[in-house]
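Work through the following exercises with the sequence and the 3D structure open beside you, and try each task before you read its solution.

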Amino acid sequence: MMRNVIAAVVAGSLMMLWQTLSHTVLELHAVQEKYTPKNAAILKMLTDSLGAEGQYFLPGMPPGTSMDNMEKLMDVAKGKPWAVINYHSSLNTEMTGNILRGLGANIIIAFVLVWLLGKMSSMSFGSVLMASLAVGFISFSVFPYPMYFWYKTPGIRSELIDALAAFGLAGLWLGWYLPGKKR
């Protein structure tokens, strides 16, 4: 069991390292955080217009809108500008909690990956690496990719690179550490 814990802690830390590099030094996610010189005016307008925290889809429809009216509203909106807005009333710049939650989540994910890999009838460096990459591709396909094809979220290539690189690094470590060793 201790061997699996060590495997998961190192793999989760490698995943977190990749995510940190991806969002900082490598700037792979810059397209998801574009700048506008109209920051203050837009934020004031959003605060005055929205008030409540949440994600908004514009043009939106009031709750309870009938399917017929939804279709009519969508026909009117077709070809016109639209937006998805994530609005928050207060920016929290404290990073420690978020970093610890991210690291903890990565270690738990890695522990689940180690458990899944342990179910393989025979484990080799290559099979562990490929299984890890497969899990990375699955994780990309479950959330970032559907968000892209429904909401055209920017940075889809960065999200794919992140999933494959994070799980690839974990797979390299696990492929070296786990095969042939007593678990």
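## Exercise 1: the nonpolar core

In this predicted model, the largest nonpolar core has 19 residues, and those with the most contacts inside it are Ala 7, Leu 117, Leu 174 and Leu 178. Determine which helices each supply at least two residues of this core, and which gives the most.

Solution. Going through the core by element, one finds that helix 1 (2-23), helix 4 (96-118) and helix 7 each supply at least two of its residues. The helix that gives the most is helix 7, with seven residues.

## Exercise 2: the largest pocket

Find the volume of the largest pocket, the residues closest to its centre, and the element that gives the most to its lining.

Solution. The volume comes to about 1700 Å³. Of the 42 lining residues, Val 31, Gln 32, Glu 33, Asn 86 and Pro 154 are the closest to the centre of this pocket. Two or more lining residues come from each of several elements, including helix 2 (39-49), strand 2 (83-87), helix 5 (125-142) and helix 6 (144-151), while helix 7 gives the most, with six residues.

## Exercise 3: a charged residue in helix 7

Decide whether Asp 162 is buried or exposed, and establish which residues it touches beyond four places away in sequence.

Solution. Begin by placing Asp 162 in helix 7, which spans residues 156-177. Asp 162 is buried and yet has no salt bridge; a salt bridge would require a distance within 4 Å, whereas Arg 157, the nearest side chain of opposite charge, is 13 Å away. Finally, leaving out residues up to four places away in sequence, Asp 162 touches Trp 18, Ser 22, His 23, Leu 28 and His 29.

Technical notes: Residues are numbered from 1 along each chain as its sequence is written. This is a predicted model: local features need pLDDT of at least 70, side-chain atom pairs count only at pLDDT 80 or more; totals for chains, interfaces and linings use all residues. Side-chain values use heavy atoms; hydrogens and water are left out. Helices (H or I, at least four residues) and strands (E, at least two) are DSSP runs, numbered from the N terminus. Buried means under 20% relative accessible area, exposed over 50%, partly exposed in between (1.4 Å probe, protein chains only). Lys and Arg count as positive and Asp and Glu as negative; His and the chain ends are not counted. Contact means heavy atoms within 4.5 Å. A nonpolar core is a set of buried Ala, Val, Leu, Ile, Met, Phe, Trp, Tyr and Cys residues joined through side-chain atoms within 4.5 Å. On a 1 Å grid over the protein atoms alone, a cavity is a set of points where a 1.4 Å probe fits but cannot get out, and a pocket is an open set with protein on both sides within 12 Å along at least five of seven lines; lining residues have an atom within 4 Å of a point. Grid points are joined across faces, edges and corners, and a volume is the space filled by probe spheres set on the points.
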